[in-house]
Amino acid sequence: MHRESHPQTRAFPLTVFSFIAIPVMLLSCGQAAFSQQKPVRTDKFRQLAELLPTPNERRTASGAPGPAYWQQRADYVIDVEIDEKNHRVSGSETITYTNNSPHELTYLWLQLDPNLFSKHSYTPIADEAPELDGLSYKRLRGILYRAEFDGSITISSVKDAKGRELPHKTVKTMMRVDLPAPLASGGTYSFSVTWSFSLVDLKKIRARSGQEVLDDGNAIYSVAQWYPRMCAYTDVHGWRHRQYLGGAEFTLEFGSFLVKITVQEDHIVASTGTLQNPAEVLSESQRERLAAAAKAKEPVLIVTPEEAAENRKEKSPGRKTWIFHADMVRDFAFASSRSFAWDAMPSSGEGFSALCMSFYPSEAMPLWNQYATHATAQTIEVYSKFTVPYPWPVAISVNSPVGGMEYPMIHFTGARPEKDGTYSESKKYGMISVIIHEVGHNFFPMVINSDEREWIWMDEGFNTFVQQLAEQEWSQDYPSRRGIPRSIGGYMKSSNQVPIMTSADSLVQSSANAYSKTAAGLTILRETVLGRETFDFAFKEYARRWKFKRPMPADFFRTMEDASGIDLDWFFRGWFYTIDHTDIAITGLTHFTVDSQDPAESKARAKERSRESNDTISKRRSAGLPKRIDAFPELKDFYDKHDEFALTKEAKEAYAKMVKKLPKEDRELLESKLNFYVLDLENIGGMVMPVLLQLTYEDGESEELHIPAEIWRKNNQEVSKLLISARKIASILVDPHEETADTDKENNVFPRLAKKSRIKLRAGGKGGSNPIRKSREEAKKAEKEAKKEEAKKP
């Protein structure tokens, strides 16, 4: 075969065929081969079995819950009050705990999250020093406030169902309750707890729960992680009582809640669950509007901004109790304020129907009244399509200074316009995105109940991925920020990172890691590795299997393979267990054509090669000089006249005889005008990925070729690919649509392109600082002002 070699080349899709080229080195043999030092290679396609827990009757090899799967249940009846004067929460609860495990329990563990703000909490003691250089006033005030504020929870009593005190021990953010007798498998136990604590000032420090006093003195209470709640007891970890450090979130049990919330009479309360006593807390007109909203096609105001403004003028001394009930939820949160306007509209789809509601002060308008409820509805509609139907009757968005925090049926989000009512485009889309994200958490982890304390990515990453799907169904040009493969390359190439499969409290750059990298990985699986139809089926199957159950990473990995029918261990190993990045480079391209063996062609090629090899710049410049053999012709002999490239009769006859003996199909191959290209690829980043090629031909047309990641299965460092085409290739591009998070686009193209940049011109400056000129200008200004003052005198 005739070939042309092009070093440092990149490849893209071909036309007719493509093959893996077998390296010539594999054909070498003999004793010398045994003495060669072999390169150390890691098997990127090694199965994950050694890293995943052994399947059992609780969690099967397919990734589904097994016949022996179990989980605990905790039911709560709670009375809670807000002391508006002192910004304190006090409450009492009765917990009924059901032991569905096969184990006997001698004590129970509860979470006391308010102790995060105890002066003895691990968090301030274990926190690293902040960057003090250039510290803002607000940040310094927050540091000093945090050092002085004590938000620890006071446990007044822990009693059994008969009112007898139970021994208990507080350990930082956890509390152990010792049982008078072991709780057998299948048994239930009821006990009560009373408690109180002070709410954090959300204007001074960031927190997931607390109070904000608005400029007119009215407060918004965003109350979460506020009651002693049961720790999870699981088949994987036993008691899940890792201390709460403020970063890694929650591992909780499902149950029912009946909660009575007592607040000032003029407050409006938004809460997990459904309101049980609307006639006692809402006016007749508000109840009528609420009923109308359930049938409306757009948001209907239940409490108008005008009514909220009237509420804010005088603080009512009276008290009122709102009662809410929720079933099959893992947590409970609420918000309360006299400043709230309230609107609602319904949302429904296959298998679900819910009333979407938003609560917001006038400070959040006009953003919230225009977009919040629509964004809430958009979320449950799109997420229900890609996961499981939304299971509850309400979905609530609350504007509060909490940056963005989620609980069953309710979330807190803080975006507000400027005080003059204007807002930037980024503020608008940022608010919509945060609402979609926080409402989306109703699915991950409020329904698909992963262990947040250990694996942030299983709720934040999955949620960010589906968030991006919901955003793209909001508008065609929606500016999604996370979950886009091209956006994660810089992080993945950085040194300051850890694998996704890192315990939550030990994550570095957790937002880029657990949110963005996980979401981008799922996007690559959906768009590039599996395809949308296969991915969507498998992802939905994962959600269906683990609805109202507690999945672990292995359950996700196994389900995705089980439901897709594709081996994905190579992807999960690289993307989740390592810090490899994608950087596939074209390192060479060799062009072959079939040698017809026609001596007329071969002699002509040889003659041209000889001419080119003898054609030097010196010879060309010396062409006009007198030559000795011209002055002395007798010096010329046979070789001065002989043409070694001349076509002889014997050669022509031998060729004709050879061709005549060939079978017809061999003669056709000999006459083939196909182009054969061997494309050399190097995996610089270490992450094996499909090789996506775009081939552009000399006629200007192009096509694409998708080579699966398995091309790297025998050598994950470098491979060669045979491409066959009737047309000649003009250029090749790897990953033309930026699907694989490739971190170096310069080595993705053949032939290499010049870097593009622009020269930004500026007017000539006057040089550096000139204190003399500045002093003179200030003196002239002062003189001018003095003359003005003198002129004013009578």
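This is a short walk through one protein chain, from its overall dimensions to two helix pairs and a few backbone details.

Please keep in mind throughout that what we are looking at is a predicted model. The mean pLDDT of the protein chain is 92, and 94% of its residues reach 70 or more. The stretch to treat with caution is residues 2–36, where the pLDDT is below 50, although this stretch still has 109 contacts in the model beyond near neighbours in sequence. Where pLDDT is low, the predicted coordinates should not be read in detail.

Turning to the chain as a whole, we have 21 helices and 32 strands. The C-alpha trace spans about 130 × 100 × 55 Å along its principal axes, and the radius of gyration of the protein chain is 36 Å, whereas a compact globule of 794 residues would have one near 28 Å.

Let me now take the first helix pair on my list, which is α10, residues 485–493, with α11, residues 510–529. Their axes lie 9 Å apart and the helices pack at an angle of about 135 degrees, so α10 and α11 are oblique to each other, and the crossing in which α10 passes α11 is left-handed. If you want to find the contact on the screen, look in α10 for Pro485, Ile488, Tyr491 and Met492, which meet a set of residues in α11 including Ala512, Ser516, Ala520 and Ile524. By character, the residues of this contact between α10 and α11 divide into seven nonpolar, three polar and one charged.

The other pair is α7, residues 367–386, and α12, residues 532–545, whose axes come within 8 Å and cross at roughly 100 degrees. An angle from 65 to 115 degrees counts as roughly perpendicular, and therefore α7 is roughly perpendicular to α12. Here Ser384, Lys385 and Phe386 in α7 meet Asp536, Phe539 and Lys540 in α12, and the residues of this contact comprise two nonpolar, one polar and three charged.

Finally, some backbone details, for which one piece of background helps. Most residues other than glycine have a negative phi, and most peptide bonds are trans. Against that, the peptide bond from Phe444 to Pro445 is cis, with omega near 15 degrees, and Pro445 sits in the loop between α8 and α9. The bond from Phe750 to Pro751 is also cis, with omega near -10 degrees, and Pro751 belongs to the loop between β32 and α21. As for phi, His87, in the loop between β3 and β4, has a positive value near 55 degrees.

Note on methods: Residues are numbered from 1 along each chain as its sequence is written. This is a predicted model: local features need pLDDT of at least 70, side-chain atom pairs count only at pLDDT 80 or more; totals for chains, interfaces and linings use all residues. Side-chain values use heavy atoms; hydrogens and water are left out. Axes are lines fitted to C-alpha atoms, for helices over the stretch in contact, and angles run from 0 to 180 degrees between N-to-C directions. Helices (H or I, at least four residues) and strands (E, at least two) are DSSP runs, numbered from the N terminus. Angles under 35 degrees count as roughly parallel, over 145 as roughly antiparallel, 65 to 115 as roughly perpendicular and the rest as oblique. A crossing is left-handed if the near helix is turned anticlockwise from the far one by less than a right angle, and right-handed if clockwise. Contact means heavy atoms within 4.5 Å. Ala, Val, Leu, Ile, Met, Phe, Trp, Tyr, Cys and Pro count as nonpolar, Asp, Glu, Lys and Arg as charged, and the others, Gly among them, as polar. pLDDT is the predictor's confidence in each residue, from 0 to 100. The radius of gyration is taken over C-alpha atoms; the globule rule is 2.2 Å times the number of residues to the power 0.38.
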